[in-house]
Amino acid sequence: MISIKHLSKTFHDSDGTSLMVLKDVNCEITQGEVISIIGPSGTGKSTLLRAINMLEPPTGGQIWVDGENITAKGYPLHMLRRKMGMVFQNFNLFEHMTVLDNITYAPITLLKVPQEQAVAEALELLRKVGMAQKADVYPSSLSGGQKQRVAIARSLAMHPEVILFDEPTSALDPTMVGEVLSVIRALAKEGLTMLIVTHEMRFARDVSTRIFFMNEGVIYEDGSPEQIFEHPVRSATKAFVNRIQKLVYEIDSDEFDYLQIHTGLNRFCLKYNLPEKAEPAYALINEMLFEHLRSVRPLTLRFTYAELSGETALDFMVEGTSESPLSREAAASLTPRLKALIEEPTVRGFRVKLVI
Ligand code: ADP
Ligand code: MG
């Protein structure tokens with residue numbers, strides 16, 4: 001369906017400097033594939049999507065769609081716009097039109113669908129994304145998650161062969177990520193071909209038939225979710241998918257700033273969508289610092305979140321000892337409340353890990 005051959009893109013600045021963002025991208029995409037594109041920021045993921053739909057014409061190589069070279073001079077881009085939908089991070093809805101008009105506008109003007117039919121289809125699509133009750137409102141009255149669901153419906157209204165999603169949930173409040181991901185999940189089940197740039201690793205693993213790990217302007221590793229997430233071949237892929245997010249505090253004395261820890265924890269849990277972990281983590285920190293490890297100073301406190309496995313843990317690390325600072329009684333009282341209690345020596349000392 002889509003064939004990308006030696007695609008490259010160089011941006012030229014007005015001061016004469018240039019930046020090669022896509023270096024040599026090659027891939028074949030067949031109908032019905034759901035491909036998540038993951039990778040560090042700045043590696044060309046958005047540029048690749050924008051090149052595929054010719055919003056950002058490539059500087060080298062070719063893109064073939066349904067047997068036609070869309071990068072050839074004179075290729076009618078309006079044909080491509082019908083085949084390929086795009087959903088952006090920032091929704092890009094028409095703010096001066098109602099939700100319904102946002103959806104019917106392109107079918108009526110570009111596809112010449114009769115008004116009545118366009119409206120009926122739009123309402124059906126709005127039902128599908130759970131937004132039927134908002135057909136007559138303007139986008140400004142919607143939440144981010146609602147706007148993105150409308151944007152998805154708008155894109156579907158053109159009956160595209162493929163939809164490109166560029167980080168569809170990264171501009172959303174964490175509480176709204178789920179509603180948008182479940183709409184995309186449902187589309188994947190229907191067999192729509194999709195390319196999704198996303199930072200939601202677990203979503204990518206669950207929903208995709210294939211993963212592209214992009215790094216340094218190329219598709220660095222390409223494989224099934226199982227291959228990329230469980231058995232990555234290249235070390236940069238391995239490091240990226242096993243990334244652990246951390247919050248670290250040095251506890252030197254009893255005058256540590258527990259308010260700062262509390263705020264930091266809340267912010268961290270909000271950012272990674274772990275709202276239910278903040279309070280239990282804070283309670284355990286207090287219990288550990290004021291009771292079980294009261295006389296153990298200095299120590300390093302870490303709150304960790306492994307994005308792929310979803311494991312969250314509290315690490316209490318002390319230097320210069322090879323024995324656990326935790327008493328047997330304390331360990332016994334903690335264990336029933338934890339997923340796991342791990343006590344292990346480290347290179348420089350000892351770690352007590354509470355998996356919560
Ligand atoms: P990603 O989506 O993986 O974070 P992007 O494709 O947005 O990466 O960007 C890759 C690189 O290209 C970045 O260094 C970015 O600054 C640069 N870039 C993107 N768009 C433009 C542009 N229109 N002009 C100049 N540089 C750009
Ligand atoms: Mg991007």
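Contact here means heavy atoms within 4.5 Å. The structure on screen is a predicted model.

**Whole chain**

Start with the full protein chain selected. Its C-alpha atoms fill a box of roughly 75 × 45 × 40 Å along the principal axes. Coloured by secondary structure, the chain comes to 12 helices and 15 strands. Of its 356 residues, 51% are buried. Among contacts in the chain with a separation of 6 or more, 65% are between residues 24 or more positions apart.

**The six-stranded sheet**

Next, select strands 3, 6, 7, 8, 9 and 10. These six strands form an open sheet with mixed pairing, in the order 6-7-8-3-9-10. At the edges are strand 6 (84-87) and strand 10 (218-223), each of which pairs on one side only. From one strand to the next, the twist averages 20 degrees.

Now go to the edge at strand 10. Strand 9 (residues 210-215) runs antiparallel to strand 10, and five bridges join the two. To check the register, pick N215, which stands opposite V218 in strand 10.

Add helix 5 (residues 144-156) to the selection. Helix 5 packs on the sheet and touches strand 6 and strand 7 (162-166). The direction of helix 5 makes about 170 degrees with that of strand 6. Then add helix 6 (residues 174-189), which also packs on the sheet, touching strand 3 (34-38), strand 7 and strand 8 (193-197). The direction of helix 6 makes about 145 degrees with that of strand 8.

**Helix 5 against helix 6**

Hide the strands and keep the two helices. The axes of helix 5 and helix 6 come within 8 Å and cross at roughly 20 degrees. That angle makes helix 5 roughly parallel to helix 6, and the crossing is right-handed.

Show side chains at this contact. From helix 5, select G144, G145, Q146, Q148, R149, I152 and L156; they meet M176, E179, V180, V183, I184 and L187 in helix 6. Sorted by class, the contact has seven nonpolar, four polar and two charged residues.

**Helix 3 against helix 5**

Keep helix 5 and bring in helix 3 (residues 99-109). Their axes come within 8 Å and cross at roughly 25 degrees. Angles under 35 degrees count as roughly parallel, and helix 3 and helix 5 are therefore roughly parallel to each other. The crossing of helix 3 and helix 5 is right-handed.

The residues to pick in helix 3 are V99, N102 and I103, which meet V150, A153 and R154 in helix 5. By class, this contact of helix 3 with helix 5 has four nonpolar, one polar and one charged residues.

**Strand 13 and its partners**

Finally, select strand 13 (residues 312-319). Seven of the eight residues of strand 13 are buried, so this strand is largely enclosed by the rest of the structure.

Strand 12 (residues 299-306) pairs with strand 13 in the antiparallel sense over six bridges. Pick T300 to find its bridge partner in strand 13, M317. Strand 12 and strand 13 form a hairpin with five residues between the strands, where G310 takes a positive phi near 80 degrees.

Add strand 15 (residues 349-355). Strand 13 and strand 15 run antiparallel and are joined by seven bridges. End at V318, which stands opposite F350 in strand 15.

How values were computed. Residues are numbered from 1 along each chain as its sequence is written. Chains are lettered from A and ligands numbered from 1 in the order in which they are written. This is a predicted model: local features need pLDDT of at least 70, side-chain atom pairs count only at pLDDT 80 or more; totals for chains, interfaces and linings use all residues. Side-chain values use heavy atoms; hydrogens and water are left out. Two strands pair if DSSP finds at least two bridges between them. Helices (H or I, at least four residues) and strands (E, at least two) are DSSP runs, numbered from the N terminus. Axes are lines fitted to C-alpha atoms, for helices over the stretch in contact, and angles run from 0 to 180 degrees between N-to-C directions. Angles under 35 degrees count as roughly parallel, over 145 as roughly antiparallel, 65 to 115 as roughly perpendicular and the rest as oblique. A crossing is left-handed if the near helix is turned anticlockwise from the far one by less than a right angle, and right-handed if clockwise. Ala, Val, Leu, Ile, Met, Phe, Trp, Tyr, Cys and Pro count as nonpolar, Asp, Glu, Lys and Arg as charged, and the others, Gly among them, as polar. Buried means under 20% relative accessible area, exposed over 50%, partly exposed in between (1.4 Å probe, protein chains only).
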